[in-house]
Amino acid sequence: MENFAYVNAADVEQASSLLSDDWSETKMIAGGTDLLGELKEYIETPKKVVNLKSIPGLDKIKTDGSGLTIGALVTLADIAAHPTIQHHYTVLAEAADSVASPQIRNVGTLGGNLCQRPRCWYYRHPDIICLKKGGDTCYAVDGLNKYHAIFGGGPVYIVHPSDTAPALIALGATVKIVGPNGDRTMPLEDFFVLPDVNPQRENVLEPNEVVTEVHVPQPKAGTKSTYLKVRERGSFDFALVSVAAFFEMNGGTCSKANVVLGGVAPIPWRSKEAEAALNGKRLTGAVAKQAGEAAVANAEPMTDNGYKVPLTRNIISRATMDLA
């Protein structure tokens, strides 16, 4: 990697002031599990790296009557092991526990998991200047696209790698962002952007803004949730397909379903079709199957990733029956 200046930020405001208006000039580091790989492969060559872990208070989990607030520096391991999250926000605990390996979960942070860059092998190759890196071609279109998008692709066909993002969107989370012009809060679902909005970025962050916390509203009584993930290896792997399912239940009937997919689109992909097939229905095997089929009706697989269509259909059906 190239040499760079390393600065410990004392607080969020200083971190923002240390950042640049140019993405290539300055980078933030927390757990470093993503950025260090990019530095070593010369995908990123910043002149300055700002350490966020020196900022006090962003590594806390707080619960109250309004719900759950998680600082951006909370580790994935702490989220997965938190008793309140396990009991009341099960989908999030399961998603955090599915990330990578125990060693990575012990240092990887929530903010980093939400903001990590794509794992596309063309993007990650140091000698390929693809559309994601400022070139003019998405090489997955006519190349190897086994792990790429079946929803929402074009002009770039990456899939978003986060496990916690689908879970948090299913839970109705909001994210707080701090920048030089103050702070702003938005639904996490609106934080992510498709490639046709900006092919080089995956979210709405400006280069000098910092994610500071995520808030999750208190679930209603009777809700159930789960996170299921299909991967090639039994451990330490990104999702081929994943689903975060969060159901408000009235007995055996689903009064409201939130279904968010991972591994299939450039952003965490909300399946409104599956939700419509589940809302107001008693959860039976037939309804679960219908939800899975509805979810993939508009899928657009590429040459090598058609297998994701039945995986998506079946994982939604399985999650539905797990919560029935």
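How many nonpolar, polar and charged residues does the lining of the largest cavity have? We will come to the answer shortly, after a word about what you are looking at. The structure above is a predicted model, so please read everything below as a description of that prediction.

Let us begin with the empty spaces. Rolling a probe the size of a water molecule over the atoms shows where empty space is left. In this model the count comes to two cavities of 30 Å³ or more. The largest cavity has a volume of about 50 Å³. Its lining is made up of C120, Y122, C130, L131, K132, T137, C138, Y139, A140, V156 and I158. Here is the answer to the opening question: by class, that lining has nine nonpolar residues, one polar residue and one charged residue.

The second largest cavity holds about 30 Å³ of space. To find it, look for M1, E2, F4, L39, E44, T45 and P46, which line it. This lining divides into four nonpolar, one polar and two charged residues.

There are also pockets to visit, and the second largest pocket is a good one to pick out. It contains about 220 Å³ of space. Around it stand W23, S24, K27, I43, E44, R117, Y123, K132, K133, Q200 and R201. Sorted by class, the lining of this pocket has three nonpolar, two polar and six charged residues. You may recognise two of the names: E44 belongs to the lining of the second largest pocket and is also listed for the second largest cavity. Likewise, K132 lines the second largest pocket and appears in the lining of the largest cavity.

Now let us turn to the sheets. Strands of a sheet pair through backbone hydrogen bonds, either parallel or antiparallel. This model offers an example of each kind of pairing.

How are the strands of the parallel example ordered? Three strands form an open sheet in the order β1-β3-β2, and their pairing is parallel. At the edges stand β1 (5-8) and β2 (26-29); each has a single partner strand, so one side of each is left without a neighbour in the sheet. On average, neighbouring strands of this sheet are turned by 25° against each other, direction ignored. Between β1 and strand β3 (residues 48-51), which run parallel, there are four bridges. If you would like a landmark for this pairing, find N8, which stands opposite N51 in β3.

The antiparallel example has five strands, and they form an open sheet in the order β4-β5-β8-β6-β7. Its edges are taken by β4 (61-64) and β7 (182-187), and because each has a single partner strand, one side of each is left without a neighbour in the sheet. From one strand to the next, the twist averages 20°.

We can walk across this sheet starting at β4. A hairpin joins β4 to β5 through two residues. The two strands run antiparallel, with four bridges joining β4 to β5 (residues 67-71). Within this pair, I61 has I70 in β5 as its bridge partner.

Is β5 largely enclosed or left open by the rest of the structure? Five of the five residues of β5 are buried, so this strand is largely enclosed by the rest of the structure. Stepping onward, five bridges join β5 to strand β8 (residues 210-217), and these strands run antiparallel too. Here T69 stands opposite H215 in β8.

Towards the other edge, a second hairpin comes into view: two residues link β6 to β7 in a hairpin. Six bridges join strand β6 (residues 174-179) to β7, again running antiparallel. In this pair, T174 stands opposite P187 in β7.

Our last stop is a single residue in a helix. S317 lies in helix α13 (residues 308-323). Is S317 buried or exposed? Its relative accessibility is 16%, so S317 counts as buried. Which residues does S317 touch, leaving aside its neighbours within four places in sequence? S317 is in contact with A288, K289 and G292.

How values were computed:
Residues are numbered from 1 along each chain as its sequence is written. This is a predicted model: local features need pLDDT of at least 70, side-chain atom pairs count only at pLDDT 80 or more; totals for chains, interfaces and linings use all residues. Side-chain values use heavy atoms; hydrogens and water are left out. Two strands pair if DSSP finds at least two bridges between them. Axes are lines fitted to C-alpha atoms, for helices over the stretch in contact, and angles run from 0 to 180 degrees between N-to-C directions. On a 1 Å grid over the protein atoms alone, a cavity is a set of points where a 1.4 Å probe fits but cannot get out, and a pocket is an open set with protein on both sides within 12 Å along at least five of seven lines; lining residues have an atom within 4 Å of a point. Grid points are joined across faces, edges and corners, and a volume is the space filled by probe spheres set on the points. Ala, Val, Leu, Ile, Met, Phe, Trp, Tyr, Cys and Pro count as nonpolar, Asp, Glu, Lys and Arg as charged, and the others, Gly among them, as polar. Buried means under 20% relative accessible area, exposed over 50%, partly exposed in between (1.4 Å probe, protein chains only). Contact means heavy atoms within 4.5 Å.
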